[in-house]
Amino acid sequence: MFEIKKGARTDASTGEPAWRLAPSVAQRAMPGTVFAVDGNGKSSVVGRLAMKVANSGGVNAVPVHASVGACHRMLGLDRPAGGADSPCLFTLELPDSEAETIDEEDLEARLSELLEKVQPIYRADHRYFVVRGSISAPSIVIRRGPSTSRGRGPAEAGVDVSQVQALSFGRMTPVAVLLDEIRTVKSNLGSGPPQLGLAQLDEPLGWAEDMTVPWVTSIVEPVETARTRTFAVARAVELRTSIGIAGDPGELASIGISPEMLANAVIRFKVTIEGAQVRPKGGADALASSIVSPELRFQADTPAAFVFLMQADAPGRVALHVTLYLNGRPTLRQDMALTAELAAPAATAMATASATFGAAAPAATPADAPAVATAIDGRNLITLPAPRIALEFGSYDQEYPIELTVDGRRALAPAKPAINRADLAHKTIEWRRRLVALSDQYGRAEGGELSTAVPDALRAFARIGVEIHRALFGRPTTRGIEDLRRVADSIAQVHGDAGQRPLMTISAERLPLPWGLVYDRPLPDDGPVDTAGFWGQRFLIERIAPAVLGKVPGRSLCSTDEPGAQLVACVNGHLDDQQRVVAAARQVEFFEQLAQGALASRPLVTTRDDFQRWLVADRGESRLVYFFCHANSAHTMDERYFQSREASDAGTWLDLDADERLRIDINWLADKRDAPLAGQPLVFLNACSTAEGDREFQSPFLTQFIRGYDARGLIGSDWKVPTVFADEFSRRFLRRFLLAPGASVGQALAATSDEFMAAGNPFALIYAIYGRSDIVVTEETTP
């Protein structure tokens with residue numbers, strides 16, 4: 001099924017290895033890196049191969065095939081007015097260089113593994129490459145070589161390039177790469193994927209760099225720890241997390257950030273650790289499991305950096321997490337694994353690249369680099385709206401301390417909730433039972449599809465919301481909780497302008513509360529209920545969980561020139577007979593009659609077999625994936641104060657068939673596809689408890705779809721959703737989101753919720769957004 005074409009790494013005209021100029025993003029120059037280039041020339045890392053990488057010493061000079069424009073870019077020259085894409089042969093003279101390559105036999109032996117990883121995410125309109133080798137040097141001399149048979153030389157193209165150009169980097173920098181291209185060697189005329197192989201490059205490679213500012217967490221001392229990922233017990237290790245410092249030899253993790261996200265942003269880093277303790281460097285702070293940096297700012301010539309110390313008292317695994325906060329919003333998180341040992345280990349001569357597909361590969365470039373800030377390609381701008389209110393709840397072990405940020409500024413020191421964690425756990429389970437009971441009573445009231453027959457539903461929801469608020473912030477008359485009351489008052493005073501809901505982010509990974517239900521207004525025994533008292537009615541709430549902190553996706557599901565972008569609707573047609581309602585039939589009719597917008601509807605998915613065929617075959621076409629079905633979310637907590645037992649992935653499932661043996665559980669999903677969905681779809685799980693987390697874990701659906709499948713965001717429910725309501729709400733929401741020009745997912749949810757709330761129906765508060773609330777179908781339709 002797979003093949004390698006011999007001679008793929010030599011140039012036909014010179015017989016020399018076919019080297020290319022290295023991408024400016026250093027991580028893509030590391031041997032073992034697999035990256036893709038899309039139709040617009042934008043490159044992105046697909047993953048890394050777990051292969052042996054050997055240092056083969058330096059080279060004096062290599063011929064390099066590159067476009068004239070790429071050569072200009074490396075030299076820091078202005079892009080030429082004409083002939084920039086002309087291919088030419090250059091010679092790189094490389095004093096003091098270092099070369100690394102992947103062993104030929106190792107690659108051939110593991111070729112099937114490589115191609116099987118790429119195949120599920122392969123798109124015919126993309127090109128895929130694996131870095132076989134790289135050369136790094138502190139300086140280079142670029143000498144123009146003869147014109148190649150495939151194009152004109154620079155002079156013939158009318159481009160002014162001197163015969164010799166020298167360039168000094170001041171540090172070891174990747175300058176050339178040896179690439180193999182992953183191509184289709186045989187098309188599959190059936191429904192299966194194409195057969196892939198490695199083929200020879202026959203033209204200079206160019207791409208539009210996704211220029212970003214590096215956020216790097218690194219070991220300052222001892223540097224050896226970064227390579228071995230081990231450190232000695234009882235010895236302090238100095239670390240630094242910084243934005244704007246590139247090329248650190250002690251690098252543990254790196255993420256590129258859009259400069260637009262950093263402009264005028266208040267920056268904070270939060271460091272949490274398991275298996276060791278940390279404290280800021282300098283001062284007299286005691287070691288702790290969590291620390292927060294002071295507020296920082298990033299400027300082009302001034303990096304934002306926080307230095308801290310790490311120390312373990314016993315050997316074992318250490319999990320280090322660094323979260324980046326922008327204007328109070330948890331935005332990105334780096335997760336690093338290390339090991340504390342009784343004695344520092346000896347260095348090893350051979351490095352092994354990590355094997356992570358669908359995530360950025362770590363960079364590895366030497367130190368003492370200046371601050372870096374570059375302009376991002378205009379097609380790839382990624383920004384995030386700043387929240388008015390950012391709430392964060394600490395861990396269960398620390399009694400869930402509450403931290404409030406208003407307009408990017410920390411308002412008060414963290415304060416613990418008004419009741420202890422055991423009582424809070426007991427009440428959380430009680431509230432969940434009462435909400436499920438209300439869902440079981442659901443029915444339409446006479447006179448409209450928006451209203452509900454549940455008696456005094458608004459007041460029943462508001463009573464639970466008041467109880468949640470009091471459990472967290474206490475009563476106004478309670479003494480000794482002044483800090484909590486100030487937090488509550490600060491939130492209560494925030495309102496939207498001109499009908500616009502202010503943004504609230506809530507980070508409460510292990511506190512599974514229905515946050516939209518929290519009610520912070522007085523609730524009289526009779527008289528009207530002030531619906532603005534519900535947080536979910538007054539704010540646009542974005543839930544923050546570890547799964548959504550791995551990246552910052554763009555807000556647009558597709559562009560106007562993507563005719564293949566699809567809506568995938570998965571509907572369990574058996575619900576009506578099973579529950580004696582009319583809902584699934586309306587869903588089927590809705591999708592069959594839905595007007596075509598930017599997303600084309602593919603045939604309905606109504607069985608697990610249908611779902612498997614779509615899941616395996618998807619190549620990036622799917623941008624919105626919708627489910628209307630049965631669901632169940634496993635729990636680790638029982639009714640006795642959140643006492644833990646083992647969670648079962650088999651107990652978390654979706655159901656599209658009448659036969660329970662055909663349920664789609666988390667294990668089944670992971671087994672059928674272990675690669676990301678290339679289109680980064682928004683997922684709407686319109687089923688029971690699909691956003692409901694636990695003290696021990698975030699929603700398993702959230703983990704699988706966002707972290708496993710690289711979904712852009714997820715809409716789910718906090719408790720059991722009534723089937724009839726789920727049908728009516730979703731049809732109104734989808735019509736707004738898909739067809740109303742410029743409607744974001746948050747705006748569409750809010751407008752639909754307003755419709756139901758005006759009719760006295762509060763069940764829309766059941767839905768939660770994990771990820772960006774400003775996602776739109778197409779960016780061009782945004783006002």
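**Entry 1. Terms and model**

I take two strands to pair if DSSP finds at least two bridges between them. I note at the outset that this is a predicted model.

**Entry 2. The pair β16 and β20**

With that definition I looked up strand β16, residues 267-274, and strand β20, residues 316-326. I found that 8 bridges join them and that the two strands run antiparallel. For one position I recorded the partner: K270 is bridged to T323 in β20.

**Entry 3. The sheet around them**

I then traced the sheet that holds these strands. It is an open sheet of 5 strands with mixed pairing, and I read the order as β13-β21-β20-β16-β18. Which strands stand at the edges? I found β13 (230-232) and β18 (290-292) there. Each has a single partner strand, so one side of each is left without a neighbour in the sheet. From one strand to the next, I noted an average twist of 25°.

**Entry 4. Strand β24 and its partners**

I turned next to strand β24, residues 402-406. Is this strand largely enclosed or left open by the rest of the structure? I took buried to mean under 20% relative accessible area. Of the 5 residues of β24, 4 are buried, so I describe the strand as largely enclosed by the rest of the structure.

On the pairing, I recorded 5 bridges between β24 and strand β23 (residues 389-393), in the antiparallel sense. Within this pair, F393 has I402 of β24 as its bridge partner. Strand β24 is also joined to strand β25, residues 409-410, by 2 bridges, and these two run antiparallel. There I saw V406 standing opposite R409 of β25. The hairpin of β24 and β25 has 2 residues between the strands, and I noted that D407 takes a positive phi near 55° in this hairpin.

**Entry 5. Helices α6 and α7**

I examined how helix α6 (residues 421-440) lies against helix α7 (residues 457-473). Their axes come within 11 Å and cross at roughly 170°. Angles over 145 degrees count as roughly antiparallel, and I therefore list α6 and α7 as roughly antiparallel to each other. On the α6 side I found L424, W431, R434, L435 and L438 in the contact, and on the α7 side A460, F461, I464, E467, I468 and A471. Sorted by class, this contact has 9 nonpolar, no polar and 2 charged residues.

**Entry 6. Cysteines**

How many disulfides does the structure hold? I counted 0. I checked C570, which is in no disulfide; its nearest cysteine sulfur belongs to C629 and is 7.7 Å away. A disulfide would need the two sulfur atoms within 2.5 Å. I entered C570 as buried, at 0% relative accessible area. C629 is likewise in no disulfide, and at 6% relative accessibility C629 counts as buried.

**Entry 7. Surroundings of Y626**

Last, I looked up Y626, which is found in strand β31, residues 622-628. Is Y626 buried or exposed? I found Y626 buried, with a relative accessible area of 0%. Leaving out residues up to four places away in sequence, I listed what Y626 touches: V568, A569, C570, Q587, F591, F684, N686, S730 and L734. The cysteine C570 of my previous entry is thus among the residues that Y626 touches. I also noted P681, 55 residues from Y626 along the chain, with 9.9 Å separating the two C-alpha atoms.

Note on methods:
Residues numbered from 1 in each chain as written. Predicted model: local features only at pLDDT ≥ 70, side-chain atom pairs only at ≥ 80, totals over all residues. Heavy atoms only, no water. Buried < 20%, exposed > 50% of the residue type's maximum accessible area, 1.4 Å probe, protein only. Axes fitted to C-alpha atoms, helices over the stretch in contact; angles between N-to-C directions. Parallel < 35°, antiparallel > 145°, perpendicular 65-115°, else oblique. Contact = heavy atoms within 4.5 Å. Nonpolar A, V, L, I, M, F, W, Y, C, P; charged D, E, K, R; others polar.
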